[in-house]
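Colleague: Please show the model, and then let us go through its helices, its cores and its backbone angles in turn.

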Amino acid sequence: MDTIKITTWNVEHLSRLFGEDLPDYKVDRRNAIIAELEAIDPDIFCLVEGPSKEEAIDEFARELLGNRWRAVKSTNGKYGIKGSQWMWFLVKDELFEKCSLLPYETWDAFTAKNWDVHYWGSVQASNHSHYRHPQVLVLDWDGFRVEFIGCHLKSKYVHQGASMWNAGGEEREEFIREALKARAKLTTEASNVRDYIAAKFDQVEKPAIFILGDLNDGPGKEFFEEKYLFFDLMSNIQGDIFEAHQFMNHALFDYPDDLRWTVKFSDFVAETEEEASIVRPILLDHILFTQGLCDGTLPWEIHGHAGKVEHEIHQLINASLSSSRQTSDHTPVSVTVTVKSEENPV
């Protein structure tokens, strides 16, 4: 294989498309998802918002994908993920025997199973842990270890948030407090991911690591960052420029600005109704990677313009479908890695 294509995609409650006697619109949506995945044709696929049971992901791979992609599962059946939205890595059959899933207990040993969180102005600490524990795919490429950290971080979503915001006054203030608490949790989850990366750099000079998935940077991104936080999520996940050797490069850093988005929605966190009605593009889905993967020193190399948002395929598949039959409100993101060999030294 001269290249490896890696894709992350939030498929929006895939678990709702399983079961007997599905209505036609769900069958059509499921078929469209399969068509989109086949058109993108990744070698390694990080599925966000997949089903919560091994039996369901096996059924998806076997019955609907014909095992062209197979799910890499935990050896002990434990994943550390709560709720119904799970992450799975599905890989092409020729890569399957090279892949394994890092035990989530190993992650916790390198970082922390849970940690203290201090909300704004609070001296007393609260406790937090990953609701959707990161999943790490380990690929053994003839002795070269590559790790893929799948993430679906905590959302800033607050139940009844729109009505609280629109009510103004004390209800809006309460919404802001709750959203800031959620954002504090989100930020500490990103810091926990960075702790794992730092641990790897204590073990290996140039670890080959990818971070991919839905980092959930919304709603109200600009509002909270500008008025309360003065930093953004990506600064936390990418790392500190003063430790540049551990900085994570973004697959879309050289992608056109007007195409660098994966979802569009109107954001109720706005000063006026007119602003709240504007549908805005936002980048929620990301692929990042360590420096060694682009400086030419490792067996895998990522060249410029290797990353993309799969707008064309996504829109071609969904163009003729009604909203209930469309694949997802998220557009997949991909990056293509060049594999060195004697015939292809790059």
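Modeller: First a definition: axes are lines fitted to C-alpha atoms, for helices over the stretch in contact, and angles run from 0 to 180 degrees between N-to-C directions. This is a predicted model, in which local features need pLDDT of at least 70 and side-chain atom pairs count only at pLDDT 80 or more, while totals for chains, interfaces and linings use all residues. Residues are numbered from 1 along each chain as its sequence is written, and side-chain values use heavy atoms, with hydrogens and water left out.

Colleague: At roughly what angle do the axes of α1 and helix α10 cross, and what is the relative direction of the two helices?

Modeller: Helices (H or I, at least four residues) and strands (E, at least two) are DSSP runs, numbered from the N terminus. The axes of α1 and α10 (residues 311–318) come within 10 Å and cross at roughly 150°. Angles over 145 degrees count as roughly antiparallel, under 35 as roughly parallel, 65 to 115 as roughly perpendicular and the rest as oblique. Therefore α1 is, relative to α10, roughly antiparallel.

Colleague: Which residues of α10 are met by Ala32, Ala35, Glu36, Ala39 and Ile40 in α1?

Modeller: Contact means heavy atoms within 4.5 Å. The buried residues of α10 (buried: under 20% relative accessible area; exposed: over 50%; partly exposed: in between; 1.4 Å probe, protein chains only) pack against α1 and β16 (307–309). On the α10 side, the residues met by those of α1 are Ile313, His314, Ile317 and Asn318.

Colleague: Why do the buried residues of α2 line one face of the helix?

Modeller: In α2 (residues 54–64), the buried residues are Ala56, Ile57, Phe60, Ala61 and Leu64. Seen down the axis of α2, they line one face because their directions fall within a limited arc, taken from the helix axis to the C-beta atoms. The face turned away from the buried side carries the exposed residues Glu55 and Glu63. The arc that holds the buried residues is 135°.

Colleague: Which elements do the buried residues of α2 pack against?

Modeller: The buried side of α2 includes Ile57 and Phe60. Its packing partners are α1 (24–40), β2 (44–50), β3 (69–71) and β4 (86–92).

Colleague: Which element gives the most to the largest nonpolar core?

Modeller: A nonpolar core is a set of buried Ala, Val, Leu, Ile, Met, Phe, Trp, Tyr and Cys residues joined through side-chain atoms within 4.5 Å. The largest has 60 residues, and Ile4, Ile6, Ile44, Leu90, Phe148, Phe210 and Trp300 have the most contacts inside it. With six residues, the element that gives the most to this core is β4.

Colleague: How many Å separate the C-alpha atoms of Ile4 and Val335?

Modeller: Ile4 lies in strand β1 and is buried, with a relative accessible area of 0%. Beyond four places in sequence, its contacts include Ile44, Trp300 and Val335. Although Ile4 and Val335 are 331 residues apart along the chain, their C-alpha atoms are separated by 8.4 Å.

Colleague: Is Asp41 buried, partly exposed or exposed?

Modeller: Asp41 lies in the loop between α1 and β2, and its phi is near 60°, a positive value in a residue other than glycine. Most residues other than glycine have a negative phi. At 36% relative accessibility, Asp41 counts as partly exposed.
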